Amino acid sequence: MSPSGELLASISSALAVAFVLLACVELGDAATAVGVYRLIQYDLAGAPLGSRAAVINHHAAALPLPAGADLSRSALVAPLLDLPLSFLREYLVEKKHLGGLLILLPTNHGDKESADDKGKVKGVLTELEKLLVHEQVPYPVYFALHDDNFDNLLADIHKIASSGQPASATTGGYKLVVSSAEPRKVSSPTISNIQGWLPGLKGEGDSEQLPTIAIVANYDTFGAAPALSVGSDSNGSGVVALLEIARLFSRLYSNPKTRGKYNILFGLTSGGPYNYNGTSKWLRSFDQRVREGIDYAICLNSVGSWSNDLWMHVSKPPENPYIKQIFEEFSDVSKEMGVSVGIKHKKINVSNPRVAWEHEQFSRFRVTALTLSEMSTPPEFLESTGGLHDTRESTDVESVIRTVRLVSESLARHIYGLKERNIDVFAENSSLAINPHYVRSWLDLLSRTPRVAPFLQKNDPFIAALKKELSEHTTDVHVQSDALDGMFTFYDATKATLNVYQVASVTFDLLFLLVLGSYLIVLFCFLVITTRGVDDLINIFRRPPSRKLKGA
Amino acid sequence: MTVFHFLNCAFLTFGPHVVYYSATPLSEYDTIGTSVKAAAVYLGTALVKLVCLATLLKVPENDSFDPYQELMKVFIGFIDVAGLYFALTQLTHRNISQNHKFQAVGLGWAFADSVLHRLAPLWIGARGLEFTWEYIFQGLEANANLVMTLSLAALGSLMWFRKNKPRTLIPIIYACALLLATMPSITSSLVSLPYYLLGQTYSNIAAT
């Protein structure tokens, strides 16, 4: 063989050996597919907010970023606690483009976490949510649960990044692909309010309607990632408390001898985060006489993580005799229980569309109402409505049970006139004891079900389940559906699958083609030489002898 | 870019066959008909082997090395040899020398093997985004398989065509042929034999 052919052969064989060695060192991981949850996308009075895109098809980048990195063609993967909010704010304010953002939410490690850690995570999550929900984000933002796969992925990305070049089509690395359909508007989102009655005992000669006491809780949530908005405390705890109170009073009311002279109305309302839109529509749907028959309403909002202090929020001044009486009943029971109930007065401004507490909607219809909550100050718009940090771990069954005891004892004393009689109606180990298993199982269920109202259809199985449960304890159960306030428009595509591929760069393919080409050429030459002789090989490349020469 | 990778791996897998055909005198004597017939015989052999494997072998419950199953696989491997015998001797070929006949048959056999075993995984897998070394390994395996088939065909032609073989070489020829025929079984058992032996030693230690 000619020397150049030998050199070529030795180089190509050396490269082949190198490739084989490389293969032994790092055999690529297979593609992983993870479920990811998109940031909410919605329009508020025409202004677009939230993440406006859903498809990601970019190379992955990780923090800390190499200097001068251009992120408009990469998707940034960052664990929650490593993501500096100032960085994010800067990107949003300066309208710098990012290919995509994947935020990894820390999974709870149970007892290993201290209260400080949990508080820190909650603080960061609340801030992040506030930032993202109220801004227009032109690139896709996804949340995923942080696990070992992501740890390996981040480590690998760092390794590639530290070799000097940022990931792109020519240098290989990881590619994140989320193929989701274009997000479309949710057409005619509905809010469904569920109500049930426990009719009181109408005695002989009682021609007038019995007065009604209403117990209300809103069951829907709103958060940065609608597919993760389980709202365990806000307001899963309120819903569970309402169901347990309904169960207890249905036992009392099942026997005519213990049926009180009040009707009890239970309402599970929707549209809470949107200025209690649903409650307003629900009240409007009532006959005026029924509405006027409501003596007072107790609204439950976030009662799942308090230990000593509960707050009663009212819109009528505390000196009002009705409010005073109700507050005294609550105080008496709370003193016996060893907790305290404080009263907070917030005047409603009818011209202000912002409704911070549910009882304000009742007050606008001139019905006396109050809200029991562990929060001492009214939440801001779209805050404390079941966000990312509000998971099962942030609620405990004991608080809900305490709330149930407080409300049901005070209610029983009011209905049966047991003031100053020191009777525990719902005593432990009695047939009317509060059932912790019931509370726990419903709290667990609610903490597994994301309940953002526009994504709950009229015939959603969860609404049917609530209706069925309420009809076990009450009668005349009715689901009233209405359209959500026109100010809000929501877009779907809340969940998607992220595929992580390990890709080879274009240069690798070109190099491989080169090696392959040279291998085939060498093989060809080798075979021609061994079977036909060297002359034949040379003859292939020589021009046929020119006719001119022959002729001349 | 990933179609690029597919094309690369396809060239690696099927290129050598084409190169072999065009480089050697096979193309001059236009032996493509022989190769096609050999490919058809390979198809038949493969089907027979599959049926035998399905009937005779049991599904392994655990990953242990079962010598009886391996022996069974060796016997079924001989069907390969029978097929090659059929292709070399029984089919009518055009007037081509023994030399070229075995090459053409071997080439056709190896090409059919590559296409049947490797084309489908290549088409489905190599076009995806994810990069693995698997298809490059498959291509290298196809190359090795070509060499092995050609040598098996050569040994076959030596065994069945040459009537006046030198006496000393006969056992060597037959031994080599046996080795080549059982090569797939040997490679797979080489992989699993250490685990089998390890298992045996552990059970012996535990028993004592």
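Reader: How many salt bridges does the rule find across the interface of chain B and chain A?

Author: Zero. The rule asks for a side-chain nitrogen of Lys or Arg within 4 Å of a carboxyl oxygen of Asp or Glu. Across this interface the rule finds no such pair.

Reader: What should I know about the model before we go on?

Author: This is a predicted model, where local features need pLDDT of at least 70 and side-chain atom pairs count only at pLDDT 80 or more, while totals for chains, interfaces and linings use all residues. Residues are numbered from 1 along each chain as its sequence is written, chains are lettered from A and ligands numbered from 1 in the order in which they are written, and side-chain values use heavy atoms, with hydrogens and water left out.

Reader: How do you know which residues of chain B are in contact with chain A?

Author: By distance: contact means heavy atoms within 4.5 Å. In that sense, 23 residues of chain B are in contact with 30 residues of chain A. The area buried between them is about 2,400 Å². That term is the accessible area (1.4 Å probe) that two parts lose on being put together, summed over both. Carbon and sulfur atoms give 73% of the buried area.

Reader: Which element of chain B gives the most to the side that touches chain A?

Author: Helix 1 of chain B, with twelve residues. A helix here is a DSSP run (H or I, at least four residues), and a strand is a run of E, at least two; both are numbered from the N terminus.

Reader: Why is A:Ser399 called buried?

Author: Buried means under 20% relative accessible area, exposed over 50%, partly exposed in between (1.4 Å probe, protein chains only). A:Ser399 has 0%, so the residue counts as buried. A:Ser399 sits in helix 10 (residues 397–416) of chain A.

Reader: What makes the link from A:Ser399 to A:Trp306 a polar contact?

Author: A polar contact is a pair of N or O atoms within 3.5 Å; within protein, one must be able to donate a hydrogen and the other to accept it, and residues adjacent in sequence count only if both atoms are side-chain atoms. The side chain of A:Ser399 reaches the backbone oxygen of A:Trp306 at 2.9 Å.

Reader: Why does the pair A:Arg392 and A:Asp444 tie parts of chain A together?

Author: First, the side chains meet in a salt bridge (2.6 Å, N to O). A:Arg392 lies in the loop between strand 16 and helix 10, and A:Asp444 in helix 11 (residues 436–446), so the pair ties parts that are 52 residues apart in sequence. At 22%, A:Arg392 counts as partly exposed. A:Asp444 is partly exposed too, at 27%.

Reader: What makes A:Lys130 and A:Glu383 a salt bridge?

Author: Their side chains meet at 4.0 Å, N to O. The pair links distant parts of the chain, 253 residues apart. A:Lys130 is in helix 3 (residues 115–133) of chain A.

Reader: Is B:Arg118 buried or exposed?

Author: At 5% relative accessibility, B:Arg118 counts as buried. Its side chain meets that of B:Glu141 in a salt bridge (3.2 Å, N to O). B:Glu141 has 45%, so this residue counts as partly exposed.

Reader: How many salt bridges does a search of the whole structure find?

Author: It finds 13 over all chains. Across the interface of chain B and chain A, the rule finds zero.
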